[in-house]
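Work through the exercises below with the structure open beside the text. Each task is followed by its solution.

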Amino acid sequence: MYTETARTDRTRRQRGRPSPPPRRRRNLGHRILGSGLIEALAAPHGADRYLELVRPGWSVRELRAEVTAVHHPAPDSVTLTLRPNHLWRGHEPGQFVRCTVEIDGVRRARCYSPASSAHRSDGMLELTARAHPEGLVSRFLHEHAAPGMVVGLEPAAGDFVLSAERPDRLALISGGSGITPVMSMLRTLIEEDHRGEIAFLHYARNPDRVPYARELAQIAVQAPGVNVAFAYTRGARGGGPQGARGNGLAGHFSLDHLSAIAPELAATEIYVCGPAGLIDAVRAACNPERVHSESFVPPALTLDARDAAGAVSFARSGIDAPNSGATLLEQAEAAGLKPAHGCRMGICHTCTCRKLAGGVRNVVTGEISSTEDEDIQICVSVPAGSVALDL
Ligand SMILES: Cc1cc2nc3c(=O)[nH]c(=O)nc-3n(C[C@H](O)[C@H](O)[C@H](O)COP(=O)(O)OP(=O)(O)OC[C@H]3O[C@@H](n4cnc5c(N)ncnc54)[C@H](O)[C@@H]3O)c2cc1C
Ligand code: FES
């Protein structure tokens, strides 16, 4: 939450010169645990097996985090406060982490964007997931996450980040669960004592589905230069806190909504995260060169029936299958393989795999590559004829 204490701390930071994300120092204990000596003494199980008995989140080599608190900021959302172990190196506002949970004995990984400030002094990380009605991991977290649960993490990644030289004027626009990375940006900027103008515009179906509503209302009242507005796309009139400029917004994105809270729009850097429709509308209405965007939903893939020719060879597994024309990730799964993956949309690089021979088409960019021995993202690659993978 935005508090007076936080404001006092922020005044120590120089405006426009963000401090780097907090790095956990490797203390002597971590260095000893990480040394080969302890691993040798703990053989054959390895040090982690013993550390887990003391504290589940501890690990010498694996980045993990322990859930310390769980709450539901909206009926369909869950917020986890995580204490990452010493391997965590922080995040930049807007980045995502790949988070692994074990469900019925199977490890499942999904990407989540921390909503917490990059400068959070207690080193905690906050993730908010919206439970999708058919979703495996988001529903599991919504229904079963509890303090003490341990999740696997990977280092923060992603290019949807605030520029290092913070813009004077920003618009942070989000739709649905896309609120998390822009919330991190807003919280980070406030901690940096940003003195410019920030317009925060969030789209939700109705007032019940706005996580962080109370905190945002408080920020709008207390933080100079921050305007907050909510717009509801299903019926109810939206708005911001009492008396705020953006009160009374309804329907999908329009330039009027943004202009109501960001008067100097031409000089405003815009960060938008949400469904493709919201991003397209923002790009169409504003200077696209100033628009930075991210979507959590995979893009519509342009599959071509003519690609369904030849064969796919999963060389390491010794499996050959006729090329169905689907993405190589889907074809591998159809062949009974379980390749690592995260976003399934070409963002996280988790599915990167060595292509040994043959051509592939990137279904997002349309580019065809026939280079032998190259790394490809199999979630967005379809074979262009026969192809062999090191999988
Ligand atoms: C970079 C990045 C950051 C992300 N950050 C967040 C975050 O902070 N908070 C958050 O809630 N989610 C976030 N996501 C989405 C998240 O990774 C999962 O996709 C989401 O939680 C659904 O996973 P699941 O296992 O519940 O659904 P799955 O079992 O994988 O899918 C079930 C069904 O839900 C549909 N579906 C999956 N994701 C979405 C979606 N986002 N919108 C609409 N339909 C969907 C699928 O098409 C499928 O039909 C992020 C995704 C990416 C790529
Ligand atoms: S699964 Fe994320 S890039 Fe392929």
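**Exercise 1: the surroundings of ligand 1**

In this predicted model, 23 residues surround ligand 1, and those that come nearest are Gly 135, Val 137, Ser 138, Thr 180 and Cys 343. Find which elements and domains supply the shell, and sort its residues by character.

Solution.
- Step 1. Look for elements that give two or more residues to the shell: these are β4, β5 and α5.
- Step 2. Find the element that gives the most: α5, with four residues.
- Step 3. Turn to the domains: domain 1 (19-153) and domain 3 (305-389) each provide at least three residues of the shell.
- Step 4. Sort the shell by character: 11 residues are nonpolar, eight are polar and four are charged.

**Exercise 2: the six-stranded sheet**

In what order do the six strands of the open sheet lie, and which stand at the edges?

Solution.
- Step 1. Read across the sheet: the order is β4-β3-β6-β1-β2-β5, with antiparallel pairing.
- Step 2. Count partners at the ends: β4 (106-112) and β5 (125-130) have a single partner strand each, so each has one side without a neighbour in the sheet.
- Step 3. Compare directions: neighbouring strands are turned by 40 degrees against each other on average, direction ignored.
- Step 4. Take one pair: β3 (residues 97-103) and β6 (residues 150-153) run antiparallel and are joined by two bridges. Here Cys 99 is opposite Leu 153 in β6.

**Exercise 3: a helix on the sheet**

Describe how helix α5 is placed against the strands.

Solution.
- Step 1. Locate the helix: α5 covers residues 136-144.
- Step 2. List the strands that α5 lies across: β2 (77-84), β3, β4 and β5.
- Step 3. Give the angle: α5 runs at about 70 degrees to β3.

Definitions and conventions
Residues are numbered from 1 along each chain as its sequence is written. Chains are lettered from A and ligands numbered from 1 in the order in which they are written. This is a predicted model: local features need pLDDT of at least 70, side-chain atom pairs count only at pLDDT 80 or more; totals for chains, interfaces and linings use all residues. Two strands pair if DSSP finds at least two bridges between them. Axes are lines fitted to C-alpha atoms, for helices over the stretch in contact, and angles run from 0 to 180 degrees between N-to-C directions. Two residues are in contact if their C-beta atoms, placed from the backbone, lie within 7 Å. A residue is near a molecule or strand if its C-beta atom, placed from the backbone, lies within 6 Å of it. Ala, Val, Leu, Ile, Met, Phe, Trp, Tyr, Cys and Pro count as nonpolar, Asp, Glu, Lys and Arg as charged, and the others, Gly among them, as polar. Domain bounds come from an automatic or database domain assignment.
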